[in-house]
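Good morning, colleagues. Please have the sequence and the structure open as I speak, since I shall move from one site to another.

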Amino acid sequence: MTITKNTNGDALEIAIEGRLDTTTAPDLEKEVKDSVEGIKKLTFDMAKLEYISSAGLRVLLASQKIMNKQGEMSVKNANEDIMEIFEVTGFSDILTIE
């Protein structure tokens, strides 16, 4: 998995490429925790995300909880497979999906 961060003022976009699963989720979780201080808008760009497991969903949920206290979070460019996982798990009701 490759993580690319782009900060613009108090907005942070994190692009995720590859597979977000049990082995890579801790890396994303650390990146989020290390990067969100002072951030008002967090966006996950999933244009190149191929797969997300329950471990990846947990990181998104934890990120959403952090951002509920300090701003907003959204997910964009999720492909059909990722969207289906969001819908089946109910995450489509929890997350703001662009």
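At the start of α3, N79 places a side-chain oxygen within 3.0 Å of the backbone nitrogen of D81. Please bear in mind that this is a predicted model. The helix in question, α3, covers residues 80–89. On the other side of α3 comes G90, and the phi of G90 is positive, near 85 degrees.

Just ahead of this helix, N77 deserves a remark. N77 sits in the loop between β4 (72–76) and α3. Its phi is near 60 degrees, a positive value in a residue other than glycine. Most residues other than glycine have a negative phi. With a relative accessibility of 40%, N77 counts as partly exposed.

Let us stay with α3 and consider charge. Which residues form the negative surface patch? They are E80, D81, E84 and E87. For E87, which belongs to helix α3, the relative accessible area is 51%. The cut-off for exposed is over 50%, so E87 is classed as exposed.

I turn now to charge pairing. Side chains of opposite charge can pair when their charged atoms come close. How many salt bridges does a search of the whole structure find? The search returns eight, and I shall discuss some of them.

The first I wish to show is the pair K5 and E31, in which the closest N and O atoms are 2.8 Å apart. This salt bridge links distant parts of the chain, for K5 belongs to strand β1 (residues 2–8) and E31 to helix α1 (residues 25–35), 26 residues apart. Both ends have some access to the surface by our classification: K5 is partly exposed at 41% relative accessibility, and E31 is partly exposed at 28%.

The next pair is K41 and E98, whose side chains meet in a salt bridge at 3.6 Å, N to O. K41 is in strand β3 (residues 41–52), while E98 is in the segment after α4 (91–94); the pair therefore ties together parts that are 57 residues apart in sequence. K41 has a relative accessibility of 27% and counts as partly exposed, whereas E98, at 54%, counts as exposed. There is also a network: salt bridges with shared partners join E29, K33 and R58.

A further salt bridge joins R19 to D21, with the closest N and O atoms 3.6 Å apart. Is D21 buried or exposed? D21 has a relative accessible area of 15%; buried means under 20%, so D21 is buried. Its partner R19 is partly exposed, at 41% relative accessibility.

D21 has another contact that I should like you to locate. The side chain of T24 reaches the backbone nitrogen of D21 at 2.9 Å. T24 is placed in the loop between β2 (11–20) and α1. At 12% relative accessibility, T24 counts as buried. In summary for this site, the side chain of D21 pairs with R19, and the backbone nitrogen of D21 is reached by T24.

Let me now take helix α2, which comprises residues 54–70. Two of its residues offer a contrast. V59 lies in this helix and has a relative accessible area of 1%, so V59 is buried. K69, also placed in helix α2, is exposed at 77% relative accessibility.

Where V59 is concerned, please look across to L28. The C-alpha atoms of V59 and L28 are separated by 7.4 Å, although these residues are 31 residues apart along the chain. For K69, the residue to compare is S54. Here the C-alpha atoms are separated by 23 Å, and the two residues are 15 residues apart along the chain.

Finally, I come to the beginning of the chain. M1 is found in the segment before β1. Its relative accessible area is 32%, which means that M1 is partly exposed. What is the separation between the C-alpha atoms of M1 and E17? The separation is 5.5 Å, with the two residues 16 residues apart along the chain.

To close, I would leave you with two sites to revisit on the display. One is α3, with the contact from N79 to D81 at its start and a negative surface patch formed by E80, D81, E84 and E87. The other is the K41 and E98 salt bridge, which ties together parts of the chain 57 residues apart in sequence. Thank you for your attention.

Definitions and conventions. Residues numbered from 1 in each chain as written. Predicted model: local features only at pLDDT ≥ 70, side-chain atom pairs only at ≥ 80, totals over all residues. Heavy atoms only, no water. Patch = residues over 30% accessible without salt bridge, like charges linked within 9 Å, V, L, I, M, F, W, Y side chains within 5 Å. Areas by Shrake-Rupley, 256 points an atom, 1.4 Å probe, with all protein chains shown as cover. Salt bridge = Lys/Arg side-chain N within 4 Å of Asp/Glu carboxyl O. Lys, Arg positive; Asp, Glu negative; His and termini not counted. Charge placed at Lys NZ, Arg CZ, Asp CG, Glu CD. Helix = DSSP H or I, 4+ residues; strand = E, 2+ residues; numbered from the N terminus. Buried < 20%, exposed > 50% of the residue type's maximum accessible area, 1.4 Å probe, protein only. Polar contact = N/O pair within 3.5 Å; in protein donor to acceptor, adjacent residues only side chain to side chain.
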